[in-house]
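Hi everyone, thanks for making time for this. I'd like to walk you through one structure, and you can follow along on the screen.

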Amino acid sequence: VYTEICCECINLIRTTVIEIYIDRYQCSPLLYENCMSILENVYQHHPDHTFLLCGDYNLPNISWSNDSHGLTYTSSSPILVPCVPKSLALYGFFQKNSILNSEGSILDLICCNNDSVVVYESLEPFVLPDAYQLIIIIVLYLSSFDWVTTLSDLDLNTSSNTFTDALHNSILRFVPLSPFYKSNFPAWVSKELEALVYHKNNAHAKIKSTPDPVIYKVFPYSVQN
């Protein structure tokens with residue numbers, strides 16, 4: 001089952017967002033310790049900021065919950081990297097994501113030192129489903145507007161245009177651009193077939209550039225391989 005998560009931060013002016021992805025094949029204790037060291041350093045330099053930590057920490061054996069002071073955690077087995085939950089608890093972070101992934105665990109954490117952050121499941125995914133990871137969507141930019149005050153004196157059309165402009169601006173600011181290249185091949189030609197054609201053309205150009213008979217002999221085999 002695939003879900004997306006939206007995170008809503010209301011009226012948070014000084015906000016620091018930190019995104020972390022730790023590959024399960026490279027999750028050494030030293031890597032976790034370095035991440036927590038960076039967090040502590042940034043936190044100490046900006047104690048008045050609201051911090052939002054998002055990402056895949058690959059800690060499937062930890063069960064997360066919260067009390068009035070911040071997050072709490074338990075584990076059925078020894079925690080390999082205790083520095084993560086200890087550091088987050090020390091600085092009063094709350095773990096706000098309670099939505100399980102398709103494997104029945106929480107790998108994607110949303111930790112914040114402000115308990116007013118609301119996390120909920122998106123009903124309309126922005127990207128294609130991913131069976132293994134939850135996609136974290138942080139709706140910070142749009143939530144930074146005081147929409148009640150902004151739209152209260154506007155008519156319906158102007159309000160719609162104002163919101164559309166803000167949405168368009170957020171896309172321009174935060175969505176990475178992907179260049180589009182029109183293919184010279186027909187639509188039915190697959191990427192694999194395109195690669196074979198380019199490989200054949202390169203081999204053909206190479207044989208034309210030299211009279212070496214060895215190149216001529218290996219040409220059919222280079223095209224096939």
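I'll talk about the core, then the aromatic residues, then a salt bridge, and finish with a helix. One thing to keep in mind throughout is that this is a predicted model.

Let's begin inside. The largest nonpolar core has 23 residues. Which of them touch the most other members? Those are Leu39, Leu53, Tyr57, Leu59, Leu88 and Phe93. If you want to see where the core comes from, look at β2 (15–21), α1 (29–45), β3 (50–56), β4 (62–67), α2 (83–90) and β7 (108–112), because each of these elements supplies at least two of its residues. Helix α1 gives the largest share, with 5 residues. There is also another core, lying apart from this one, and it has 6 residues, including Cys54, Ile110, Cys112 and Val119.

Please zoom in on Leu59 for a moment. Leaving out residues up to four places away in sequence, Leu59 touches Tyr32, Trp64, Val81, Val84, Ile106 and Leu107.

Now for the aromatics. How many aromatic pairs does a search of the whole structure find? The search finds 5. Take Tyr43 and Tyr91: their ring centres are 4.5 Å apart and their planes sit at 55 degrees, so this pair is tilted. The two partners come from distant parts of the chain, with Tyr43 in helix α1 and Tyr91 in the loop between α2 and β6 (94–95), 48 residues apart. Are they buried or exposed? Both Tyr43 and Tyr91 are buried.

Tyr43 also forms an aromatic pair with Phe93. That pair is tilted as well, at 6.2 Å centre to centre with 50 degrees between the planes. Since Tyr43 lies in helix α1 and Phe93 in the loop between α2 and β6, the pair ties together parts that are 50 residues apart in sequence. As for accessibility, Tyr43 has a relative value of 17% and counts as buried, while Phe93 is buried at 0%. Put Phe51 into the picture too, and you have one aromatic cluster made of Tyr43, Phe51, Tyr91 and Phe93.

On to charges. The structure holds 1 salt bridge. In this bridge the side chains of Asp115 and Lys96 meet, at 2.8 Å from N to O. What does the pair tie together? Asp115 is in the loop between β7 and β8 (118–122), and Lys96 is in the loop between β6 and β7, so the bridge joins parts that are 19 residues apart in sequence. On the accessibility side, Asp115 is partly exposed, with a relative accessible area of 45%. Lys96, at 19%, counts as buried, because the cut-off for buried is under 20%.

Last stop, helix α4, which covers residues 156–174. Ser159 is found in this helix, and at 13% relative accessibility Ser159 counts as buried. Apart from residues up to four places away in sequence, Ser159 touches Leu151 and Leu154. Leu167 has its place in α4 as well, and Leu167 is partly exposed, with a relative accessible area of 35%. Which residues form a nonpolar patch on the surface with Leu167? Its partners are Phe163 and Ile171, and together the three have about 240 Å² of accessible area.

That's my tour, and I'm happy to go back to any part of it. Thanks for listening!

Key
Residues numbered from 1 in each chain as written. Predicted model: local features only at pLDDT ≥ 70, side-chain atom pairs only at ≥ 80, totals over all residues. Heavy atoms only, no water. Helix = DSSP H or I, 4+ residues; strand = E, 2+ residues; numbered from the N terminus. Buried < 20%, exposed > 50% of the residue type's maximum accessible area, 1.4 Å probe, protein only. Contact = heavy atoms within 4.5 Å. Patch = residues over 30% accessible without salt bridge, like charges linked within 9 Å, V, L, I, M, F, W, Y side chains within 5 Å. Areas by Shrake-Rupley, 256 points an atom, 1.4 Å probe, with all protein chains shown as cover. Salt bridge = Lys/Arg side-chain N within 4 Å of Asp/Glu carboxyl O. Core = buried A, V, L, I, M, F, W, Y, C linked by side-chain atoms within 4.5 Å. Phe/Tyr/Trp six-rings, centres within 6.5 Å; stacked < 30°, edge-to-face > 60°.
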